[in-house]
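Me: I have a model open and would like to understand the words used to describe it. Could you walk me through the reasoning as I ask?

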Amino acid sequence: MIVEGRVKTPGFDAARAAAKKFVTLDIRSHRQNALPMEPRGAHAAFDAVTGRVTLTLSTQMPHLMRTAIADLIGMPESELRVIAPDVGGGFGQKMSLAPEFVLLTFLARKLRTSIAWSEDRRENLMACFHSRDQYVTIEGAFDGNGKLLALSTDVLANVGAYSCFPTTCAVEPLMAMAEMPGPYDVRDYACVARGVVTNTCPMAPYRGVSRPVVTFSLERLMDKAAAAFALDPVEMRRRNLIRNFPYTSATGLIFDEASYIETMDVAVKALNVPAFRARQSRERNNGRFLGLGLATFSERTGYGTPAFAARGMEITPGWETVELAMDPSGFVEARIGASPHGQGLRTTLAQIIADELGTVPDRVKVIHGDTDRTPYGFGTFASRSLVIAGGASLIAARKLRAKLVKIAGHLLEASADDIALKDGVATVAGTDRALPIATVARAAYHQVHRFGGDIGPGLAESGTYDPPGTFSNACHAAIVEVDIETGAVAIEKFVVAEDAGRLINPMIVDGQIHGGVAQGIANALLEEIVYDETGNILTTSLADYLPPTAREIPPIEIHHLETLTEASITKAKGLGEGGTIGAPAAVVNAINDALSPFGVSIDEFPATPQRIRAALKAAERSA
Amino acid sequence: MNEKVEITLTINGRNYPIRVEPRRTLVDAIRDDCGQTGTHIGCEHGVCGSCTILVDDEPMRSCLMFAVQAEGKKLRTVEGLADGEKLHPLQRAFIENHGLQCGFCTPGFLMLATGVLEHEPDISDEDLLDVLSSNLCRCTGYQNIIKAVRAAAAEMRSR
């Protein structure tokens with residue numbers, strides 16, 4: 001055992017003793033791989049003139065890689081330039097330091113040469129980082145009306161052979177411990193979370209990190225409890241979801257304003273449950289087994305440094321800096337420490353900055369992924385970048401705006417307060433006196449003498465944001481059909497009702513949800529890293545480890561709610577992981593609903609045809 | 001098998017005389033010997049389809065062919081899709097419909113869809129879904145890829 005965490009609220013024993021009904025489940029989440037389409041690779045080039053190494057690699061965290069590699073080799077960080085070019089997906093797997101990156105840098109210096117390494121898919125499946133390998137026992141202690149009084153869990157994670165940098169192998173078990181109560185109001189909570197070392201590939205973050213398992217555990221519990229109380233699953237959740245904000249959880253997390261009940265109502269309405277129940281019962285008589293499943297969850301996003309410090313982490317990656325400069329031609333360059341790799345962050349940050357500066361996004365260029373050109377930052381992971389780098393962009397843009405209007409005020413002989421910036425033009429409000437912003441920018445560099453000495457030259461500002469952290473939320477709802485002869489599952493309908501605060505770019509938001517849900521469906525039904533009993537990995541190609549194709553992913557229907565939070569200065573909450581967090585629980589709950597006539601309970605994922613058939617057979621035998 | 005042989009690959013109408021081992025895969029030759037890196041390698045097992053190119057106008061996994069097998073054939077890769085500055089309708093549709101996120105699988109999907117729509121401009125939505133399930137994408141959940149290809153198909157038909 002390498003990690004152990006324990007928590008128990010003082011009132012737990014008394015609350016549990018007062019309970020009228022107990023519901024217990026053993027949950028298993030099998031091992032999975034984040035599987036970015038581009039495997040990892042790196043190229044280290046030594047420059048004999050400067051003595052520096054330029055390391056180009058597929059990573060989500062260029063600055064942290066530079067620090068870690070320089071530390072391990074014992075070289076000055078200034079002699080290492082790390083570039084993360086267009087990276088072909090990460091989903092958490094490219095957060096961690098690979099030993100190969102260190103070795104390449106070392107060899108490039110030692111041999112004064114260039115050297116490259118690229119991983120193939122087999123190596124990625126065998127030896128890049130895995131995740132989700134957990135055993136969870138969960139017990140809900142309820143009062144007579146189905147209200148949860150006390151929740152206890154035992155979490156055991158197979159963290160593999162080694163730890164990882166920077167999150168460490170504690171990331172899954174300790175995240176489970178901190179987040180297990182989820183969106184439910186429960187005052188008393190106990191948890192033992194352990195990580196054990198085995199002769200398997202190390203575990204590291206993968207989209208959702210532990211919360212797909214947490215949500216699966218809680219949502220299976222809610223459905224089982226609903227059956228125990230003879231309540232509708234929607235009503236069961238309604239009696240337990242958090243309603244009053246801000247809410248301080250049993251583990252001390254502060255939940256900001258959210259819409260747990262409202263998103264569930266929207267999702268349930270979209271599925272038209274009464275009509276579905278009628279069809280379900282009709283089809284059962286025809287030998288067809290349909291089921292409906294729900295998952296309500298909270299997604300903690302945009303954590304600041306205190307949130308990481310509270311977990312006892314040595315590295316607290318809670319802030320980001322954005323350096324913003326408008327050049328004399330009026331074009332804007334934003335240099336960011338975050339490191340997007342498909343999330344569309346360049347687009348959304350350009351929108352935030354352009355809106356504040358009264359220019360168009362096309363005139364804002366966002367530079368990322370190069371330690372020589374960007375301020376120190378932590379990168380892109382944990383649904384954080386829009387909240388934190390977006391907040392830092394807004395702070396920097398507000399400062400730059402303040403200077404622009406001051407200069408424009410001088411040039412237009414008006415008060416800075418009266419200057420409006422819009423469509424690339426600075427206008428004195430209520431008049432036709434105006435100048436192109438580019439003219440104002442030119443003056444800021446070339447005609448400083450006109451401002452009487454109280455305004456310094458140039459247009460460059462920097463913003464740093466370290467937010468308190470916020471919770472976005474969603475309800476996922478699925479209708480599935482299970483073929484009881486083969487165990488095959490087809491998803492007929494998938495609905496997401498989500499609330500991530502203000503939508504900066506709805507098209508990108510929907511894209512993140514689509515991709516997240518597809519991975520969640522894959523986690524629910526298909527993907528599993530399998531070892532034999534002596535520790536040999538059996539799933540070493542994409543013919544064995546099965547990501548979904550366009551055929552397996554149904555159309556995804558999305559409904560947006562926008563609860564504006566004070567916990568994020570842009571009012572936007574993060575949402576990159578949510579799709580993957582909710583979908584496994586929604587799909588497997590739907591499978592269980594479909595199979596309810598057979599008295600089986602599938603409490604693991606992926607719910608493969610073999611597992612479904614085995615459960616049905618076992619039920620037949622015991623009947 | 002280690003002895004190199006001289007072959008000429010014809011990619012997007014241009015000839016590339018190269019020397020390769022007979023066991024060298026076509027995708028490695030296209031990327032490393034001809035310098036056309038738009039074609040990506042995602043699995044080398046013929047499953048993911050990132051390396052899809054058109055060989056004599058048919059979509060093929062270039063990781064499952066040897067370079068020597070491609071001599072004398074007309075190869076088309078993503079670099080040849082646009083007409084100078086003018087993007088192919090599929091490329092435009094992918095941008096307009098947010099059909100890519102990280103973009104790694106995109107060249108393969110573009111070539112797959114190009115090949116199919118050239119042969120079957122009136123392909124039904126259902127059949128198109130079957131074809132698109134040849135390739136893997138990890139970012140988009142396929143929703144906007146399907147939307148983009150359907151939009152491009154409609155545009156290409158209307159010409």
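Me: Which domains does chain B have, and how far apart are their centres?
Reply: The assignment gives domain 1 (5-78) and domain 2 (89-157) of chain B. Taken over C-alpha atoms, their centres are separated by 21 Å. Please keep in mind that this is a predicted model.

Me: What makes residues of domain 1 of chain B count as being in contact with domain 2 of chain B?
Reply: The test is that the C-beta atoms, placed from the backbone, lie within 7 Å. On that basis 16 residues of domain 1 of chain B are in contact with 14 residues of domain 2 of chain B. On the domain 1 side, strand 3 (52-55) and strand 4 (58-61) of chain B each supply at least two residues. Strand 3 of chain B gives the most, with three residues. This side of domain 1 of chain B divides into six nonpolar, eight polar and two charged residues.

Me: Now the helices. Why is helix 2 of chain B called oblique to helix 3 of chain B?
Reply: The axes of helix 2 (residues 89-96) and helix 3 (residues 106-119) of chain B cross at roughly 130° and come within 10 Å. An angle of 65 to 115 degrees would be roughly perpendicular, and one over 145 roughly antiparallel. The crossing angle fits neither class, so helix 2 of chain B is oblique to helix 3 of chain B. The crossing is right-handed.

Me: Which residues make that contact between helix 2 and helix 3 of chain B?
Reply: From helix 2 of chain B come B:L90, B:Q91 and B:F94, and from helix 3 of chain B come B:T106, B:L110, B:A113 and B:T114. They divide into four nonpolar, three polar and no charged residues.

Me: And what makes helix 2 of chain B oblique to helix 5 of chain B?
Reply: Here the axes cross at roughly 140° and come within 8 Å. Roughly antiparallel needs an angle over 145 degrees, so this pair of helices counts as oblique. Helix 2 of chain B passes helix 5 of chain B in a right-handed crossing. The residues of helix 2 of chain B in this contact are B:P89, B:L90, B:A93 and B:F94, while helix 5 of chain B brings B:A148, B:V149, B:A151, B:A152, B:E155 and B:M156. Nine of the contact residues are nonpolar, none is polar and one is charged.

Me: Where does chain B touch chain A, and which elements take part?
Reply: In all, 26 residues of chain B are in contact with 29 residues of chain A. Helix 4 (125-132) and helix 5 (143-157) of chain B are the elements giving two or more residues to the chain B side. Its largest share, three residues, comes from helix 5 of chain B. That side of chain B divides into 13 nonpolar, eleven polar and two charged residues.

Me: How do you know that the radius of gyration of chain A agrees with a compact globule?
Reply: For 623 residues, a compact globule would have a radius of gyration near 25 Å; chain A has 26 Å, so the two agree. The C-alpha trace of chain A spans about 90 × 65 × 50 Å along its principal axes. Chain A has 16 helices and 25 strands.

Me: Which domains are assigned in chain A?
Reply: They are domain 1 (3-33 + 129-304 + 468-622), domain 2 (41-127) and domain 3 (319-465) of chain A. The C-alpha centres of domain 1 and domain 2 of chain A lie 35 Å apart. Their contact takes 18 residues from domain 1 of chain A and 13 residues from domain 2 of chain A.

Notes
Residues are numbered from 1 along each chain as its sequence is written. Chains are lettered from A and ligands numbered from 1 in the order in which they are written. This is a predicted model: local features need pLDDT of at least 70, side-chain atom pairs count only at pLDDT 80 or more; totals for chains, interfaces and linings use all residues. Two residues are in contact if their C-beta atoms, placed from the backbone, lie within 7 Å. Helices (H or I, at least four residues) and strands (E, at least two) are DSSP runs, numbered from the N terminus. Ala, Val, Leu, Ile, Met, Phe, Trp, Tyr, Cys and Pro count as nonpolar, Asp, Glu, Lys and Arg as charged, and the others, Gly among them, as polar. Domain bounds come from an automatic or database domain assignment. Axes are lines fitted to C-alpha atoms, for helices over the stretch in contact, and angles run from 0 to 180 degrees between N-to-C directions. Angles under 35 degrees count as roughly parallel, over 145 as roughly antiparallel, 65 to 115 as roughly perpendicular and the rest as oblique. A crossing is left-handed if the near helix is turned anticlockwise from the far one by less than a right angle, and right-handed if clockwise. The radius of gyration is taken over C-alpha atoms; the globule rule is 2.2 Å times the number of residues to the power 0.38.
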